[in-house]
Amino acid sequence: MNTKTEGVAESLPDKASLLDIYTRAVLIKANDERIRAAARAGKMNMIYYSPRGQEIIPSAISVHLTNADYITTIYRGIHDQLAKGVPAKLIWAEYAGRSTGSCKGKGGPMHITYPDVGVLVTTGIVGSSMPIANGLALASQLRGDGRVTVAYFGDGAANIGAFHESLNLAAVWKLPVIFVCQNNRYAEHSQFEKFTAGGNVSNRAAGFGMPGIRVDGNDPVAMWRVAKTAVDRARSGEGPTLIEALTFRFHGHLLGDDGSYIPPAEMAAARAADPMPRFRTLLLTQHAADEAALRDIELAADRAALDAQEFALSSPWPRTSELQTDVFGGPSSIPTIKVFSRPSVAP
Amino acid sequence: MSENINCIAALNMALHDALETDPTVIVFGEDLADPEGGGVVGVTRGLSSAFGDQRVRSTPISEQAIIGAGIGAAIAGMRPVTEIMLMNFTAVAMDMIVNHAAKLRFMSGGQTHVPMVIRTMTGSGMGNGGQHSDYLEAWFAHSAGIKVVTYSSPSEAYGLLLGSIFDDDPVIFIENLPGYFVPGAPPVRGTVISLGHANIMRAGSDITLISYGAMANQALLAAENLSREGISAEVVDLRTVAPIDFATLLSSVDKTRRALVVHEAVRPFGVGAEIAAELSEKLHGQLKSPIRRLGGAFCAVPFSKPLESAHAPKAADIEAAVRSLF
């Protein structure tokens with residue numbers, strides 16, 4: 001794979017970190033499988049963008065983050081949200097449109113928000129996670145709170161103007177932000193190389209004077225190292241990084257997509273290289289865990305997904321009075337204004 | 001009696017006082033820090049020198065990035081005052097404003113909100129042509145979750161800008177370009193005008209003239225002229241264009257039984273249409289005449305002076321429209 005890793009941390013993840021990444025990735029896979037099954041069975045009716053195949057990217061990044069760190073993500077974002085720690089049941093209930101959902105059912109699958117773990121914006125607009133991430137990072141920079149912000153987006157978003165505006169501003173202001181392009185090879189139905197000049201996203205970082213790293217996003221060790229480098233850099237005030245994490249999505253743009261635009265050989269090769277069984281084998285060969293421990297992790301993840309489904313489907317619908325709440329805030333509390341004493345120099 | 005000041009100085013005072021009052025207030029936009037000139041007309045002059053180049057920053061010409069950064073900072077607990085130099089340039093940042101700033105409170109179920117101000121200037125009269133002069137407030141008023149505010153005098157500019165900065169919702173704050181230079185009584189420092197309340201500029205009994213921004217002063221001038229003809233016009237300045245203070249409008253028109261809405265924005269699908277429809281629905285049968293609307297001509301703001309002058313309503317147009325209702 002065409003990746004370059006100069007300047008990336010030499011250190012390797014210890015066994016506990018690898019197991020942590022796997023635990024997060026398995027939780028994503030289990031929830032995705034249960035969500036697709038529930039949708040197919042007609043238990044839930046919503047638009048759904050499966051992250052199956054992309055589990056490792058946010059899992060390997062999130063082990064470097066705390067709940068205080070921020071992320072912004074996009075409509076295909078359940079993997080980013082679960083990896084960051086949003087409780088599965090709140091996501092499921094939001095997907096089911098119930099009042100117990102993370103956003104009371106008012107946002108839906110494309111708009112999960114959960115500030116307790118730093119998931120502040122999930123956008124349905126391609127390219128819009130990046131400009132807002134800069135603002136979160138600006139707040140951290142001004143407060144000196146040491147938080148980092150991760151903006152997730154897809155390869156299609158690298159061709160939107162907001163990508164370029166955001167990278168430029170982040171570099172000019174040296175913001176503690178990490179731009180993570182999850183390059184899954186297809187922007188909706190459009191093949192990456194056919195519509196992306198230069199055939200590479202990470203190279204664009206050079207134009208903004210920031211590090212750009214292309215990495216195999218399906219390799220947990222490489223992804224962990226690249227993420228560590230970028231997070232350390234942002235946290236220590238050295239500024240932004242662009243990561244292009246190469247991956248693949250197995251279930252098309254959205255649920256129901258027949259994938260006819262993907263050459264069968266490409267799909268077959270991607271499925272044969274499914275990162276999850278490969279990761280499992282890696283853990284066993286490195287003695288990070290034994291078979292029984294991995295089974296426990298996998299069973300717990302599936303149980304959590306089933307519990308979340310049960311919670312969601314047994315939850316009440318929102319009341320229609322919700323149409324009138326959260327549109328505007330209530331009366332704002334106006335502080336006592338301190339009059340600035342120095343003479344104004346305005347004309 | 002203090003000396004009169006213009007709106008540039010009043011807005012500058014409001015920004016100084018907001019920055020002094022609350023450390024979470026930050027200000028950024030194109031060319032607005034002192035090394036870049038302190039703003040194209042000087043509204044932000046002196047701020048970066050007084051409060052530092054961290055809290056007061058110039059930005060690249062990147063409207064989406066400016067508003068995006070404002071949204072993110074607001075969600076994270078700051079009170080950003082962003083600037084989009086001219087109102088037409090908000091079109092470049094519409095996704096950030098309409099899909100994100102306006103909607104995040106609702107779509108997050110109230111978990112996040114965006115206490116951000118977008119200051120922007122506009123208005124015909126300076127020969128700036130079709131892409132630097134439009135009043136576009138109806139675009140934003142049509143989006144649930146964002147407020148629209150504008151002012152008609154220096155003291156109103158001061159109080160309403162502070163009211164916008166300390167409001168918990170996103171606010172488009174419109175500054176009239178030719179009106180910047182018109183002097184008026186200075187504000188009482190520290191006096192905030194909270195959003196959502198229209199201002200009765202002049203009491204009257206025969207008709208209600210509803211307007212906002214610099215155009216409210218044309219309505220006031222028309223009302224003075226009409227009083228010499230025996231027509232008593234009440235003049236209401238909306239102050240907050242969205243959401244509209246319909247309680248004040250209904251109470252006024254319930255009394256006068258006639259209304260004329262005047263704005264510089266083009267008339268079709270405008271704020272005037274919304275006000276006329278609402279008043280007609282609520283007061284049908286009590287009205288002595290149809291509710292009339294005056295707005296800018298339905299074309300791009302033209303350059304040539306005679307064309308530009310004819311584009312927006314003037315006091316004389318308002319007076320003629322009022323006479324047609326009696």
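Here are some questions and answers about a predicted model with chains A and B.

Reader: Let's start with the chain pairing. Which element gives the most to the side of chain A that touches chain B?

Author: The contact joins 45 residues of chain A to 55 residues of chain B. On the chain A side, the elements giving two or more residues are β2 (119–123), α5 (129–143) and α6 (161–173). The top contributor, with 9 residues, is α5(A).

Reader: And how do the residues on that side of chain A divide into nonpolar, polar and charged?

Author: We're still on the 45 residues of chain A that contact chain B. They split into 25 nonpolar, 14 polar and 6 charged.

Reader: On to the domains of chain B. How many residues does the contact take from domain 1 and from domain 2 of chain B?

Author: Chain B is cut into domain 1 (7–181) and domain 2 (199–323). Their C-alpha centres sit 26 Å apart. As for the contact, it takes from domain 1 of chain B 24 residues, and from domain 2 of chain B 24 residues.

Reader: How do the residues on the domain 1 side of that contact divide?

Author: Elements supplying at least two residues each to the side of domain 1 of chain B that touches domain 2 of chain B are α6 (137–141), β5 (147–150), α7 (154–165) and β6 (171–176) of chain B. By residue type, that side comes out as 9 nonpolar, 11 polar and 4 charged.

Reader: Now some helix packing. Are α4(A) and α11(A) parallel or oblique to each other?

Author: Helix α4 (residues 88–95) and helix α11 (residues 291–313) of chain A have axes that come within 8 Å and cross at roughly 45 degrees. The crossing is right-handed. Angles under 35 degrees would count as roughly parallel, and 65 to 115 as roughly perpendicular. The two helices therefore count as oblique.

Reader: Which residues of α4(A) meet α11(A)?

Author: The residues of this helix contact divide into 9 nonpolar, 1 polar and 2 charged. On the α11(A) side you'll find Ala304(A), Ala305(A), Asp307(A), Ala308(A), Gln309(A), Phe311(A) and Ala312(A). Facing them from α4(A) are Ala88(A), Lys89(A), Trp92(A), Ala93(A) and Tyr95(A).

Reader: What about α9(B) and α10(B): how do the residues of their contact divide?

Author: The axes of α9(B) and helix α10 (residues 271–283) of chain B come within 11 Å and cross at roughly 60 degrees, and the crossing is right-handed. From α9(B) the contact uses Phe246(B), Leu249(B), Leu250(B), Val253(B) and Asp254(B), and from α10(B) Ile275(B), Glu278(B), Leu279(B), Lys282(B) and Leu283(B). Sorted by type, that makes 7 nonpolar, no polar and 3 charged.

Reader: Any backbone oddities? Which peptide bond is cis, with omega near -10 degrees?

Author: Most peptide bonds are trans. The cis one here leads into Pro243(B), found in the loop between β10 (240–242) and α9 (246–256) of chain B. It's the bond from Ala242(B) to Pro243(B).

Reader: Is Lys174(A) buried or partly exposed?

Author: Lys174(A) has a positive phi, near 55 degrees, although it isn't glycine. Its place is the loop between α6 and β4 (177–183) of chain A. Burial would take 20 or more other C-beta atoms within 10 Å. With 15 of them, Lys174(A) is partly exposed.

Reader: How many other C-beta atoms lie within 10 Å in the case of Asp31(B)?

Author: Asp31(B) also has a positive phi, near 65 degrees, and belongs to the loop between β1 (25–30) and α2 (47–51) of chain B. Asp31(B) is partly exposed, and its count of other C-beta atoms within 10 Å is 16.

How values were computed: Residues numbered from 1 in each chain as written. Chains lettered and ligands numbered in written order. Predicted model: local features only at pLDDT ≥ 70, side-chain atom pairs only at ≥ 80, totals over all residues. Contact = placed C-beta atoms within 7 Å. Helix = DSSP H or I, 4+ residues; strand = E, 2+ residues; numbered from the N terminus. Nonpolar A, V, L, I, M, F, W, Y, C, P; charged D, E, K, R; others polar. Domains from an automatic or database assignment. Axes fitted to C-alpha atoms, helices over the stretch in contact; angles between N-to-C directions. Parallel < 35°, antiparallel > 145°, perpendicular 65-115°, else oblique. Left-handed = near helix turned anticlockwise from the far one by under 90°. Buried ≥ 20, exposed ≤ 12 C-beta atoms within 10 Å, placed from the backbone.
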